[in-house]
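Student: I've got a structure open on my screen and I'd like to talk it through. Can you help me read it piece by piece?

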Amino acid sequence: MQTETETLKGCSSHPIAHKDSDDLGRLQIRGERRPKCVVMIMMEGVIGDVFRKFSSYPVPLSACVIAERSSTNTQNLNIMTEWSQCEMNRGVRLRYCQQWSLQCNQRTLENAVPLGPCINIHGELLSSHSPSGARRVVIREANNHGVGHQYLEVWGCNGLEKSLDLTALNKHGKVYDDAQFACLAWSPCEDKLLYVAEKKRVGPLAQASFLSANESRGLVVLEEEDKNVYVEDWGEGLTGKSAPVLCVADLSKGEVTICTGVPPHISPGQALWAGDGNGLIFLGWWHEPFRLGLKFCSNRRSALFYIDLKGNCELLSSDSGSVLSPRLSPDRLWLVYLQGRVFGPHHQCLSMMLYDLQKRTGSVLVDVVRRAEKGQFVGVYDSLPLHCWSSDSEEIFFSSACENSKSVFSVERRTGRITPVYDCNTVSPEQEFGSAKLLTVMKDLMVMSCSSPNRPPSLMVRFVSNAENKEWIHLGETGICERFDWQSIIITPPPEEENHQFSGLNFGAVLLKPESTSKRVKFPLVVFIHGGPHSHFAAEWNVNAAALTKLGFAVLMVNYRGSTGFGQDGIDSLLGNIGSQDVRDVQRAVLHVLQSNPILDADRVAVMGGSHGGFLACHLIGQYPEFYRACAARNPVINAATLLGTSDIIDWRYSSIGLQYSFDQLPTPQALTTMLEKSPITHVAQIRTPVLLMLGGKDKRVSPYQGLELYKALKSRNSPVRLLWYDGDGHSLSKVETQSDCFLSVALWFKQHLNMH
């Protein structure tokens, strides 16, 4: 694709940009660059240094606890933690392992010691420690004579014990390592391993004799006429993942077998061993009549199944809802999982279900919370940790969105009683952080990741039930704290902005303010809007928000009505009211903080957001054309009517405007008109605010041509607009180099148009 490049005065020309334009722009001819002013070069350097520093703080991903030999009162526990860290110079996101040794005396932690330096585990797709802790299995990608292969490796105390070349065995396609389908589970006797991979593709018209002749050489034969047949996948973030199969690796035989008996209309995933290892429990998603996007969607029809190794399959749950996070108790008698509705909001408050594997009966352990009184539990919104049970199988532990934070809770299996374990909404000396995420509960030791808007993530540990000592112990460095303030805000809409069907609902926001050195200084305000829309800004470490604050901006992150963490009524209240209720909530939050914080400059307000957040940002500059001085939108929804046929979640296009969806749905003139009326494109004639657009060329959720539609509409009206096109990136714009380029562009854009030079 040929590109034309125009640059703003003083702004760098990004080679990754497709088109950019502004009424102040200067055309570059034949790749020549005009010299930039020294001030702009220095500004780019400062912005890059801040983002590089904040992006380099490691983020914990998972934890595993292994018990060593112990005496009567004392016990040593080893904690294996996996982390992610951005390496900006190479433009990669590295993963590493860090180990800790904990000395315990009668369930009291006495000492925590790191076991050597961190170890790079880049290239490992999946890993899992055996139940005994003596072995560790890894699925790894590596080159074999210049060809990419996937290997299953089993490591023990004396080195590599077993290695299977999964690619050479040719039983299946690539192993899944995503958060939706993937698993890697040891059998109870530790002689088998369970994982999920893409089904081996063989053309239905291929001749049987030709196939058998080539089977041993690892060839997959497709008839010429079949190579062009369209193959569905599971949408954004799951490209190429279409037909998962359950795979069992027998370590003693060195063989891999594909589980038979899974219903043909079901795509299996999130599997685990049942009982003594003679059967499997798995989730199955319906893929007929066609697949809808699965990532970030807890509303896809799915159910819980049991299958024995002979291929006999049994339905365990309801087959009319959506199911996720099956977790087996240590005594292997109980199963908890989360359950929600199909269609409607793509993310929702979920019920926690309890299944008795002996009686083959299920019941509701934690119900959906419609709305909660102040200080009360507001519901389950997030997936359960892989290990979430106490060792006596009596309690389940989990973390979830809770208003403007994430907190940790426990629920008793026998009574359903919920108890806060680490409540970030409680103001007390013990609550050091704004949010907490539970990583694991193993050997009755809880490991959680904690952070605040001004404090990067760190680890804390504690035993699950210790009446005498409920103090959390820090692992590693905890002294990093950036010098700026933040506060959590709850906002009540005025009567004229109430939703009369769901009256009395509040919403929230988190405000970050730079450190003030003078009472006369007023800070520009950046309004940061999350996507979803059924998502959530927690009072946790956010690289973009923290870096903008460090650069002198105040940042307001808004949880408008429809965000998770405020009850199901809040989520349902947005259906049919997008483009109006959510827009008013954001504007109300902005006015609230401007009125209550005199250090904020009401004449220098910018807005940014991605996906539905970009949709709202573009609505705001159209509905309040004199209020915002700059706008930055990532992959925004601009015209819901034209998006209908290109999104992987077409059901949301109907649900968002208050209509029921079915697979055989056809658009009507009335529905298309409503979609158009609720879209930012209808306000484009009023837009005067300079707009920066950042689009992913491979976005399956919101087509990049949505942004192009706004770009052309603004260009035709001589309204200032700049467009950055990231050809190899998708909806989240998640590549390291893309994130860095986006942040630099946004910061420069805001500094220019908010007069911060």
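Tutor: Sure. Before we get to bridge partners, here's the rule for pairing: two strands count as paired if DSSP finds at least two bridges between them. Keep in mind too that this is a predicted model.

Student: With that rule in hand, what is the bridge partner of tyrosine 195 in S15?

Tutor: Start with the strands: S14 covers residues 192–198 and pairs with S15 in the antiparallel sense. There are seven bridges between S14 and S15. In S15, the residue bridged to tyrosine 195 is cysteine 247.

Student: And how many residues of strand S15 are buried?

Tutor: Buried means under 20% relative accessible area. Side chains in a regular strand alternate between the two faces of the sheet. Here Val245, Cys247 and Ala249 point one way from S15, while Pro244, Leu246, Val248 and Asp250 point the other way, and all are buried. S15 is therefore largely enclosed by the rest of the structure, and the count of buried residues is seven of the seven.

Student: On to S16: which residue stands opposite alanine 249 there?

Tutor: S15 pairs with S16 (residues 255–258) in the antiparallel sense, over four bridges. Their hairpin has four residues between the strands, and glycine 254 takes a positive phi near 70° in it. Across from alanine 249, in S16, is valine 256.

Student: Now the sheet S28-S29-S30-S31. Which strands stand at its edges?

Tutor: This is an open sheet of four strands with antiparallel pairing. An edge strand here has a single partner strand, so one side of it is left without a neighbour in the sheet. Neighbouring strands are turned by 30° against each other on average, direction ignored. The edge strands are S28 (435–442) and S31 (473–475).

Student: Which residue in S31 stands opposite leucine 459?

Tutor: S30 spans residues 455–463 and pairs with S31 in the antiparallel sense. Three bridges hold that pairing in the assignment. Facing leucine 459 is leucine 475.

Student: There's also S9-S10-S11-S12. What is the bridge partner of arginine 140 in S11?

Tutor: These four strands form an open sheet with antiparallel pairing, and its edge strands are S9 (124–129) and S12 (159–165), each pairing on one side only. S10 (residues 136–144) and S11 (residues 147–156) pair in the antiparallel sense over nine bridges. Arginine 140 has as its partner in S11 tyrosine 151.

Student: Let's do helices. Are H1 and H4 parallel or oblique to each other?

Tutor: Two packed helices are described by the angle between their axes and the distance between the axes. H1 (residues 38–55) and H4 (residues 543–550) pack at an angle of about 140°, with axes 9 Å apart. Angles over 145 degrees would count as roughly antiparallel. H1 and H4 are therefore oblique.

Student: How do the residues of the contact of H1 with H4 divide?

Tutor: From H1 you have Val50, Phe51, Phe54 and Ser55, meeting Val543, Asn544, Ala546, Ala547 and Lys550 in H4. By type, that contact divides into six nonpolar, two polar and one charged.

Student: Serine 56 sits in the loop between H1 and S4. Is serine 56 buried or partly exposed?

Tutor: That loop runs between H1 and S4 (59–67). Leaving aside residues up to four places away in sequence, serine 56 touches Gln85 and Cys86. The buried class needs under 20% relative accessible area, and exposed needs over 50%. With 26%, serine 56 is partly exposed.

Student: What about serine 573, buried or exposed?

Tutor: Serine 573 lies in the loop between H5 (568–572) and H6. Not counting residues up to four places away in sequence, serine 573 touches Asn499, Phe502, Leu505, Arg561, Gly562 and Gln581. The relative accessibility of serine 573 is 0%, so this residue counts as buried.

Student: Last one: how is H6 oriented to H7?

Tutor: The axes of H6 (residues 581–596) and H7 (residues 612–623) come within 10 Å and cross at roughly 75°. Angles of 65 to 115 degrees share one class, which makes H6, relative to H7, roughly perpendicular.

Definitions and conventions
Residues numbered from 1 in each chain as written. Predicted model: local features only at pLDDT ≥ 70, side-chain atom pairs only at ≥ 80, totals over all residues. Heavy atoms only, no water. Axes fitted to C-alpha atoms, helices over the stretch in contact; angles between N-to-C directions. Helix = DSSP H or I, 4+ residues; strand = E, 2+ residues; numbered from the N terminus. Parallel < 35°, antiparallel > 145°, perpendicular 65-115°, else oblique. Contact = heavy atoms within 4.5 Å. Nonpolar A, V, L, I, M, F, W, Y, C, P; charged D, E, K, R; others polar. Buried < 20%, exposed > 50% of the residue type's maximum accessible area, 1.4 Å probe, protein only.
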